[in-house]
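I set out to look up how the strands and helices of this structure are arranged. My entries follow in the order in which I made them.

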Amino acid sequence: MLKTTKDFQKERLSAGQKVGVINLGCARNLVDAQMMLGRLKKNGHRIVEVTQAQTVIVNTCSFIEEARQESIDTILDLLELKKTGKIKKVIVAGCLAQRYGKDLAQEFPGVDAFVGTPTLPRDNLPQQLQLTPQHFAYVKICESCFNACSFCAIPKIKGKFISRTIESIVKEVKELDARGVKEINIIGQDITAYGMDVYREKSLARLLKELVAVVKNIEWIRLLYAFPSHVTDELIDVIAREPKICKYIDMPLQHISDHILLEQNRNITTQGTIDLIRKIRSAMPIGFVRTTFITGLPGETEADFEQLRSFINDFRFERVGVFVYSKEEGTLAAKMQGQVPEKTKKARLDTLMQDQQAISSQIQKSFVGRTLKVLIEEEEKEGHSRPRQKHSGVTKNNTRFGNDRLERTYIGRSEYDAPDVDGVVYVRSKTLLKAGGFVQVLITDAYEYDLAGVVV
């Protein structure tokens with residue numbers, strides 16, 4: 001029998017166990033995990049590392065096939081640990097459980113509960129246990145998507161679009177500000193639709209004005225996941241004008257061909273997209289646009305693909321991700337004629353990413369000689385796994401000597417680098433730096449995705 005969220009709540013009230021979480025997927029999922037752990041901690045449970053846990057919650061993702069497979073593999077690994085007695089209970093939460101809970105219960109009888117996704121409170125402050133470093137946080141302002149793209153299953157998983165009230169968001173941000181947080185990342189499936197349900201109009205610009213007016217310690221407000229057809233002139237103006245708002249916008253475009261945009265149900269045209277990008281670039285000449293594209297939607301012709309390739313090369317986006325189309329059950333695109341072969345989809349992705357690597361390298365080199373404000377994340381550790389070219393003169397023990405002074409290397413980010421998804425700045429300093437502090441860095445070296453420099 002499928003164990004529901006209600007069943008799990010009954011169990012946890014009487015258990016008082018040590019609980020760990022494995023979070024899969026995007027930053028939106030991370031906020032969901034923080035909400036789950038916040039409630040568990042309130043109910044008297046100890047939140048620990050997974051290696052010390054009696055009960056492990058895996059917060060799953062089912063956005064595309066690759067994410068589903070990662071979730072399944074993680075469930076299998078946890079069930080193996082349960083068999084050997086290393087953990088007592090396995091709880092499957094998140095999008096995969098929300099969408100396929102009954103099927104999963106039959107497939108994995110060893111799982112103790114399937115709990116789906118938590119509800120985002122509209123008026124109240126969500127109880128959370130922060131999983132990010134203390135100097136930055138994610139603030140989810142809305143849930144689900146206001147659009148209905150033909151390739152995407154999110155509305156089916158998440159349900160009706162819901163915005164939190166401005167009052168509840170301001171209260172959360174003020175609390176984060178009082179704790180000394182330096183950066184907040186505003187997230188949601190479509191933050192540019194914020195307010196269209198509760199205020200009957202696009203209200204992100206209004207929200208940002210209120211946030212800027214109340215923060216004292218927070219120096220960066222970053223916007224993640226904008227929907228192109230919902231971006232307003234007022235929003236662009238607020239981003240460009242307000243110093244505390246990063247000159248960075250994450251805005252998935254998905255394609256540029258009118259034919260494919262119509263098939264995707266993106267509610268924007270080729271010319272509308274071009275006009276929007278030019279408007280953003282005009283308002284923020286040094287701003288960054290992060291975007292994503294999909295190759296191989298059913299019916300995508302070679303001409304559609306070449307138009308997309310030309311668009312990327314002409315507009316030279318600072319950050320680009322490309323995905324192959326994933327056939328999602330229950331979506332309109334899954335029923336479309338003209339499914340593109342996997343080999344073709346992958347070849348198109350590879351071509352676009354090769355083009356973008358060259359663009360990214362040129363953009364990165366343009367930073368050499370410039371001074372950037374950098375938020376320090378941590379001191380670089382030996383064996384740091386991020387693939388990159390070696391920095392000349394930096395030794396394995398993370399120090400180097402110059403002018404008889406010891407130098408350390410730190411990892412930081414500029415306002416053009418979102419946590420976890422973008423590059424980093426490697427910072428050399430002759431003085432000790434603290435995580436969460438800002439420094440001015442003269443950029444001396446550029447790599448494909450990362451930068452390196454020295455504190456000035």
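Entry 1. Before reading strand partners, I fixed the term: two strands pair if DSSP finds at least two bridges between them. I also noted that the model is a predicted one.

Entry 2. I looked up the pairing of strand 4 (residues 89-94) and strand 5, and I found 3 bridges in the parallel sense. For V92, I recorded F114 in strand 5 as the bridge partner.

Entry 3. I then turned to the sheet as a whole. It is open and has 5 strands in the order 2-1-3-4-5, with parallel pairing. Strand 2 (46-47) and strand 5 (113-116) stand at the edges; each has a single partner strand, so one side of each lacks a neighbour in the sheet.

Entry 4. I asked which strands helix 3 (residues 65-83) touches where it packs on the sheet. I listed strand 1 (18-23), strand 3 (55-60) and strand 4. The direction of helix 3 makes about 170 degrees with that of strand 3.

Entry 5. Next I looked up helix 11 (residues 302-315) and helix 12 (residues 342-365). Their axes come within 10 Å and cross at roughly 15 degrees. Angles under 35 degrees count as roughly parallel, and helix 11 and helix 12 are therefore roughly parallel to each other. I noted their crossing as right-handed.

Entry 6. Finally, I wrote down the residues of this contact. From helix 11, E302, F305, L308, R309, I312 and N313 meet R348, T351, L352, D355, Q356 and I359 of helix 12. I sorted the contact residues into 5 nonpolar, 3 polar and 4 charged.

Note on methods:
Residues numbered from 1 in each chain as written. Predicted model: local features only at pLDDT ≥ 70, side-chain atom pairs only at ≥ 80, totals over all residues. Heavy atoms only, no water. Axes fitted to C-alpha atoms, helices over the stretch in contact; angles between N-to-C directions. Helix = DSSP H or I, 4+ residues; strand = E, 2+ residues; numbered from the N terminus. Parallel < 35°, antiparallel > 145°, perpendicular 65-115°, else oblique. Left-handed = near helix turned anticlockwise from the far one by under 90°. Contact = heavy atoms within 4.5 Å. Nonpolar A, V, L, I, M, F, W, Y, C, P; charged D, E, K, R; others polar.
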